[in-house]
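Me: I should be grateful for a close look at one part of this structure, namely a pair of oppositely charged side chains and its setting. Please place that part within the chain as a whole.

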Amino acid sequence: MIFDNILIYFAIVPLLTLGGLALCNNKGIKAIRAVAVTGASVLVALALYLVKLFLDARGAGDTSEMILRSDYMWYAPLNIKLALGVDGVSVVMILLSAFIVLTGVFASWKINPLPKQFFLWFFLLSTGVFGFFISIDLFTMFMFYEVALIPMYLLIGIWGSGNKNYSAMKLTLMLMGGSAFLMLALIGIYFHSAADGNYTMNILEIAKNNAVPQSWQLYLFPMAFVGFGVLGAMFPFHTWSPDGHASAPTAVSMLHAGVLMKLGGYGCFRIAIYLMPYAANVIGPVFLTLTGISIVYGAFSACVQTDLKYINAYSSVSHCGMVLFAILMFNQTAMTGAVLQMLSHGLMTALFFALIGMIYGRTHTRDIREMGGMMQIMPYLGVGYVIAGLASLGLPGLSGFVAEMTIFFGSFEHPDMFHRVFTIAGASSIVITAVYILRVVGKLLFGAVQNEHHRELTDASWDERVATAVLIVCVAIIGCFPNFFVNIITDSFLPVVDALKNAM
């Protein structure tokens, strides 16, 4: 039975939450909030239980690549199955997603207008995210990938701010363009998957049979990497990200930057590199160059912005560039750092966007030139912003330090001088990040109050404190206890690294 596998409930619970929201009265805000919080809380509980199951399996000596595997025939003529399974990377991404969804609900506590419709689209997006991470079939992964992208247009176009219609359309067109490349790559992989005479879309079977011919890998790998790289804000396909984040409502920015952009890095690792290792070795340096540019360009661009959301959006381009950069180093240490960076960036950028939304809701401006002295007016939000900034610039004891150091140590392990030069260039972004973070903190939180009306503003409400406190605690846990997460994810890269070595 399909319901015997706990993984399917990560797709079912958001759908049940959608059903509960649909039954709520449009004006019954308390019922709407209750249903949303209940659904998000159940997802967190499921994610924590999944971590326990994974650790128990590994403790019992289960060395299989994926655990909790199950296959259910969905469409027999094309051998499409609802194939489920998770490894360490999937588990931590599901855990991250669950906490971002929960904090996003609290950050949207006072969403207006149409709160019911907002949460409907919000949980539909969540369904796509969780479904993507639990799938090991190319078709179902792509289906959930599209489900995660489509709600973004309405969430930004209706509940966004600023030039929201332009931003929503730009984001949708660019991400759908990436999806077109991705679809072509997946079709090509499918039609070269028949090593035993039967076509399959199961990722593990394709990788085991080394089914995709090397000549075809050279065509399909760039399409797959670009398709996912667009969502990962890889240069020069990143331009949708700053506009989209700047116009998105708070919770959507949190989920988009915190989780949705991670689908790009996860897809590059899980599909592009794992299934086409020969092409990854041959063409990888081209994309390594682009990701290196993303890291430095994003950091420099953040330095010259005055809008808080644009600063964080360009910072996300830089930090997500580190994820793809580390994956392309093709060694276990750097790839471990890439996943730690996905976790770290997901939490701290969600914290940033939550705090920015709370500050904007009070001041009605995101221009740092019009603000100052916020620490004395709203100290809780000010302290939260400082913690997020310190995590972003890599302060020891917080998640950013562990992730970035693992990435750069692993990247410098590469014996090739080309890779080492780019590692040094990428490491320079740490200095640039410190410049724009400290500049914003100094201008926004300290100094003279620029607008006397701001003295009348209130600090964080209880729902805002819940959202930010959960994220702050998570950032500190990763920074103080990194080995817990490293032990979960590190073995997941062995099949990929072995495939890359065998393809050389």
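**A buried charged pair and its surroundings**

Reply: Glu464 and Arg362 are both buried. In this predicted model, the two residues form a salt bridge whose closest N and O atoms are 2.7 Å apart. Glu464 belongs to helix α21 (residues 462–480), whereas Arg362 belongs to helix α15 (residues 332–363), so the pair ties together parts that are 102 residues apart in sequence. As a general matter, side chains of opposite charge can pair when their charged atoms come close.

The structure holds 8 salt bridges, and two others offer a useful setting for this one. Asp459 pairs with Arg465, with the closest N and O atoms 3.9 Å apart. That distance falls inside the cut-off, because a salt bridge requires the nitrogen and the carboxyl oxygen to be within 4 Å. Arg465 is partly exposed, since its relative accessible area is 34%, and the partly exposed class lies between 20% and 50%.

The other example is the salt bridge between Asp56 and Lys52, in which the closest N and O atoms are 2.8 Å apart. Both residues lie in helix α2 (residues 29–59), separated by 4 residues, or about one turn of the helix. Asp56 has a relative accessibility of 41% and counts as partly exposed; Lys52, at 45%, is likewise partly exposed.

A nonpolar patch on the surface is made up of Leu55, Val473, Ile477, Phe481 and Phe484, which together have about 450 Å² of accessible area. Phe484 is located in helix α22 (residues 482–489) and, with a relative accessible area of 39%, is partly exposed.

Helix α2 also appears in the surroundings of helix α1. The buried residues of α1 are Phe10, Ala11, Ile12, Val13, Pro14, Thr17, Leu18 and Leu21. Their cover includes α2, α3 (88–107), α4 (115–134) and α5 (138–149). Helix α1 (residues 9–23) has 15 residues, which at 1.5 Å a residue should span 21 Å; its end C-alpha atoms are 20 Å apart, in agreement with that expectation.

A further buried site involves His245 and Met261. His245 sits in helix α10 (residues 240–247) and is buried, with a relative accessible area of 1%. Apart from neighbours within four places in sequence, His245 is in contact with Ser253, His256, Ala257, Met261, Lys309, Ala313 and Phe353. Of these partners, Met261 occupies the loop between α11 (250–260) and α12 (262–275) and is buried at 2% relative accessibility. With the same sequence neighbours set aside, the contacts of Met261 include His245, His256, Trp240 and Cys320. Met261 and Gly229, 32 residues apart in sequence, have C-alpha atoms 9.2 Å apart.

These parts may now be set within the whole chain. The chain contains 23 helices and 2 strands. Buried residues account for 62% of its 504 residues. Among contacts with a separation of 6 or more, 80% come from residues 24 or more positions apart. For 504 residues, a compact globule would have a radius of gyration near 23 Å, and the chain agrees with its 22 Å. Along the principal axes, the C-alpha atoms fill a box of roughly 75 × 55 × 45 Å. The chain exposes about 18000 Å², of which carbon and sulfur atoms supply 67%.

Terms used
Residues numbered from 1 in each chain as written. Predicted model: local features only at pLDDT ≥ 70, side-chain atom pairs only at ≥ 80, totals over all residues. Heavy atoms only, no water. Salt bridge = Lys/Arg side-chain N within 4 Å of Asp/Glu carboxyl O. Buried < 20%, exposed > 50% of the residue type's maximum accessible area, 1.4 Å probe, protein only. Expected span 1.5 Å × (residues − 1). Contact = heavy atoms within 4.5 Å. Patch = residues over 30% accessible without salt bridge, like charges linked within 9 Å, V, L, I, M, F, W, Y side chains within 5 Å. Areas by Shrake-Rupley, 256 points an atom, 1.4 Å probe, with all protein chains shown as cover. Rg over C-alpha atoms; globule rule 2.2 N^0.38 Å.
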